[in-house]
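User: I'd like to go through this one residue by residue. Can you take my questions as they come?

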Amino acid sequence: MSENLAVFNLNCTACPRLSRFLKETRQKYTAYHARPVPAFGVKKPKLLIVGLAPGMHGANATGRPFTGDHAGIILYEMLYKHGFSNKPVSTNLDDGLKLKHCRITNAVKCLPPENKPIGDEINTCNRYLVEELKTLDKKAIILCLGQISHKAVIKALALKQTDYPFQHGKAHILADGRTITDSYHCSRYNTNTRRLTEAMFNTVFVQIKSQLKI
Ligand code: URA
């Protein structure tokens, strides 16, 4: 039977540079997940959050998006505050954290060197995002964290990039009823420089919550 390349695969080696880097990382940090990181959350989410890629000592170590590094602290706090989870902190796969109505994934599933995936890798990994987006219902919101994930989502939905420019706080209503909401990424850099403050991020979630009516 031929392999379905669009279904998430823990043994994916489609990107040579990333697969080499993961191999090196597995040798250096033997306790780390150091594989493609699967999405986390409910199967049929009303809110799909799309980040960039696993961080070395975060998702790459723990195997759960945004878990174990700075970017995840503010994200999981926000999710709890707005009723999307049962606890405010994500620490590891066995911590009992459950998301409600929500799922989190990344535009690129593997750890990239220096946190920077290259264009080819973002494009190759897009096949997984295409599948993940297919499971969303018509009223769902896709929250894109940062410009790269926004562009990856536009590509995965086969929309025209110039029709949907990234803009923090903007809700792009799509013809099929779904919404793409943009936010600056909740990275350490963006929060330290106050490009994204907690208040700004909170406003994004208030808007999402009122739109979803949950
Ligand atoms: N961790 C993730 O899983 N994704 C990001 O975009 C950043 C940190």
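**Questions about a predicted model**

User: Let's begin with Ala-31: what is its relative accessibility, and is it buried or exposed?
Analyst: Keep in mind that this is a predicted model. Ala-31 is in the loop between helix H1 (16-28) and strand E1 (40-41). The cut-off for exposed is over 50%. Ala-31 comes out at 74% relative accessibility, so it counts as exposed.

User: How far apart in space are Ala-31 and Gly-63?
Analyst: Along the sequence, 32 residues separate Ala-31 and Gly-63. In space, going from C-alpha to C-alpha, the separation of Ala-31 and Gly-63 is 11 Å.

User: And Asn-11, is that one buried or exposed?
Analyst: Asn-11 belongs to the segment before H1. Its relative accessibility is 52%, and exposed means over 50%. So Asn-11 counts as exposed.

User: What distance separates the C-alpha atoms of Asn-11 and Leu-212?
Analyst: Asn-11 and Leu-212 are 201 residues apart along the chain. Between their C-alpha atoms, the separation is 35 Å.

User: Now Thr-105: is it buried or exposed, and what is its relative accessible area?
Analyst: Thr-105 sits in strand E3 (residues 102-106). Leaving aside neighbours within four places in sequence, Thr-105 is in contact with Ala-39, Leu-48, Ile-49, Val-50, Gly-51, Pro-65, Leu-129 and Glu-132. Buried means under 20%. Thr-105 is buried because its relative accessible area is 1%.

User: Which side chain makes a polar contact with the side chain of Thr-105?
Analyst: The contact joins two side chains at 3.1 Å. The partner of Thr-105 is Lys-109.

User: Arg-103 is in E3 too. How far is Arg-103 from Ile-142 in space?
Analyst: Not counting residues up to four places away in sequence, Arg-103 touches a list of residues that includes Phe-40, Val-42, Pro-45 and Leu-47. Ile-142 is 39 residues from Arg-103 in sequence. From C-alpha to C-alpha, Arg-103 and Ile-142 are 9.7 Å apart.

User: Let's look at the ligand. Which residues surround it?
Analyst: The space that the ligand takes is the largest pocket. Around the ligand you'll find Gly-51, Leu-52, Ala-53, Pro-54, Ala-59, Pro-65, Phe-66, Asp-69, Asn-106 and His-185.

User: Which residue has a side-chain N or O atom 2.8 Å from a nitrogen atom of the ligand?
Analyst: Let's sort backbone from side chain. Leu-52 has a backbone N or O atom 2.8 Å from an oxygen atom of the ligand, and Ala-53 has a backbone N or O atom 3.0 Å from a ligand nitrogen. The side-chain atom at 2.8 Å from a ligand nitrogen belongs to Asn-106.

User: How much of the ligand's accessible area does the protein cover?
Analyst: On its own, the ligand has 230 Å² of accessible area. The share of that area covered by the protein is 94%.

User: What about Thr-191, is it buried or exposed?
Analyst: Thr-191 lies in helix H6 (residues 188-192). Leaving out residues up to four places away in sequence, it touches His-70, Ile-74, Cys-186 and Leu-196. Its relative accessible area is 17%, and the cut-off is under 20%. So Thr-191 is buried.

User: Which residue's backbone oxygen lies 3.2 Å from a polar atom of the Thr-191 side chain?
Analyst: Here one atom is in the side chain of Thr-191 and the other is a backbone oxygen. That backbone oxygen belongs to Arg-188.

User: Which residues of helix H5 are buried?
Analyst: H5 runs over residues 147-156. Its buried residues have cover that includes strand E2 (47-51), H4, strand E4 (141-145), strand E5 (171-173) and strand E6 (179-183). The buried ones are Ser-149, His-150, Ala-152, Val-153, Ile-154 and Ala-156.

User: What phi does Ala-158 take, just after H5?
Analyst: Most residues other than glycine have a negative phi. Ala-158 takes a positive phi, and its value is about 55 degrees.

User: What is the phi of Glu-114?
Analyst: Glu-114 is in the loop between E3 and helix H4 (119-134). It counts as exposed because its relative accessibility is 69%. Glu-114 is not a glycine, yet its phi is positive, at about 55 degrees.

User: Last one: what is phi of Lys-213 near?
Analyst: Lys-213 is in the segment after helix H7 (198-212). With 73% relative accessibility, Lys-213 counts as exposed. Its phi is positive, in a residue other than glycine, and lies near 50 degrees.

Terms used
Residues numbered from 1 in each chain as written. Predicted model: local features only at pLDDT ≥ 70, side-chain atom pairs only at ≥ 80, totals over all residues. Heavy atoms only, no water. Helix = DSSP H or I, 4+ residues; strand = E, 2+ residues; numbered from the N terminus. Buried < 20%, exposed > 50% of the residue type's maximum accessible area, 1.4 Å probe, protein only. Polar contact = N/O pair within 3.5 Å; in protein donor to acceptor, adjacent residues only side chain to side chain. Contact = heavy atoms within 4.5 Å. Near = heavy atom within 4 Å. Areas by Shrake-Rupley, 256 points an atom, 1.4 Å probe, with all protein chains shown as cover. 1 Å grid on protein atoms, 1.4 Å probe; cavity = no way out; pocket = protein on both sides within 12 Å on 5 of 7 lines; lining within 4 Å. Sits in = over half its atoms within 2 Å of the grid points.
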